[in-house]
Amino acid sequence: MSEKVPMTASGYARLEEELRHLRSVARPEVIKAIAEAREHGDLSENAEYHAARERQSFIEGRVAELEDKISRAQVIDPSKLSGDTVMFGATVEVADEDTDQESTFQIVGETEAEVKEGRIAVTSPLARALIGKQEGDSVEVMTPKGTKAYEILKISYI
């Protein structure tokens, strides 16, 4: 039995869009590039042909990976969740207890995590520390720079 892959509806939509793009745009482009490179003759010394074949291999691998993740997706809509406890899909505002710097993170599936955009994987150390906690709670997280302590300021489900 394949393990389900939890993700938000927006993360699922991004995967579907990438898959659509690979199938309808990237695949036809690389097939055309391979055909053009073949017309140049000797394939053993044809760098364009080898580059196009390598790109085709990457595209086919990514298509298979996306199809697998989409087929195992367990879509969780955070807007249908509520409560005062942190769980998957929650948007959590925290304050660094040393610097008082505030940050906001949404806890999402591994495939859609993007720290720069404030989305952290449910399997990350910070998310694991936050899960099950409530506003006002403090959590300690081991980071590469040492232990960090955060206070949970706000929990929302958007």
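A residue counts as buried when its relative accessible area is under 20%, as exposed when that area is over 50%, and as partly exposed in between. By that scale L81, with a relative accessible area of 24%, is partly exposed. The model discussed here is predicted, and its protein chain holds three helices and seven strands, with two pockets described below, the largest having a volume of about 360 Å³ and the second largest about 150 Å³.

**Overall architecture**

- Read from the start of the sequence onward, the elements of the protein chain follow the pattern β-α-α-β-β-β-β-α-β-β, and because the radius of gyration is 22 Å, well over the 15 Å that the globule rule gives for 158 residues, the chain is more spread out than a compact globule.
- Taken along the principal axes, the box filled by the C-alpha atoms of the protein chain is roughly 70 × 35 × 25 Å.
- Of the 158 residues in the protein chain, 36% are buried, while the accessible surface comes to about 9700 Å², with 49% of it belonging to carbon and sulfur atoms.
- Among the contacts in the protein chain with a separation of 6 or more, 55% are accounted for by residues 24 or more positions apart.

**The largest pocket**

- The lining of the largest pocket, whose volume is about 360 Å³, consists of 15 residues, and those that lie nearest its centre are F105, V115, L126, T143 and Y150.
- Two or more lining residues are given to the largest pocket by each of the strands β3 (91–96), β4 (102–108), β6 (138–143) and β7 (146–156), and likewise by the helix α3 (125–130).
- Sorted by class, this lining has eight nonpolar, five polar and two charged residues.

**The second largest pocket**

- The second largest pocket, with about 150 Å³ of space, is lined by residues that include G11, R14, L15 and E18, together with R62, E65 and K69, and also T111, E112, A113, E114 and R119.
- The elements that give two or more residues to the lining of this second pocket are the helices α1 (9–38) and α2 (47–71), and the largest share, four residues, comes from α1.
- By class, the lining of the second largest pocket has eight charged residues, along with two nonpolar and two polar ones.
- K69, one of the residues that line the second largest pocket, is found in helix α2, and because its relative accessibility is 18%, K69 counts as buried.
- Leaving aside neighbours within four places in sequence, K69 is in contact with M7, L15, R62 and T111; L15, R62 and T111 also belong to the lining of the second largest pocket.

**Two loop residues**

- L81 is found in the loop between β2 (73–76) and β3, where, not counting residues up to four places away in sequence, L81 touches I76, F88 and Y157.
- The pairing of L81 with Y157 spans 76 residues along the chain, and the C-alpha atoms of the two are separated by 6.1 Å.
- D100 has its place in the loop between β3 and β4, and its phi is near 65 degrees, a positive value in a residue other than glycine.
- With a relative accessible area of 60%, D100 is exposed, whereas L81 is partly exposed at 24%.

Key:
Residues are numbered from 1 along each chain as its sequence is written. This is a predicted model: local features need pLDDT of at least 70, side-chain atom pairs count only at pLDDT 80 or more; totals for chains, interfaces and linings use all residues. Side-chain values use heavy atoms; hydrogens and water are left out. On a 1 Å grid over the protein atoms alone, a cavity is a set of points where a 1.4 Å probe fits but cannot get out, and a pocket is an open set with protein on both sides within 12 Å along at least five of seven lines; lining residues have an atom within 4 Å of a point. Grid points are joined across faces, edges and corners, and a volume is the space filled by probe spheres set on the points. Ala, Val, Leu, Ile, Met, Phe, Trp, Tyr, Cys and Pro count as nonpolar, Asp, Glu, Lys and Arg as charged, and the others, Gly among them, as polar. The radius of gyration is taken over C-alpha atoms; the globule rule is 2.2 Å times the number of residues to the power 0.38. Buried means under 20% relative accessible area, exposed over 50%, partly exposed in between (1.4 Å probe, protein chains only). Contact means heavy atoms within 4.5 Å. Accessible areas come from the Shrake-Rupley method with a 1.4 Å probe; for residues, only the protein chains shown count as cover.
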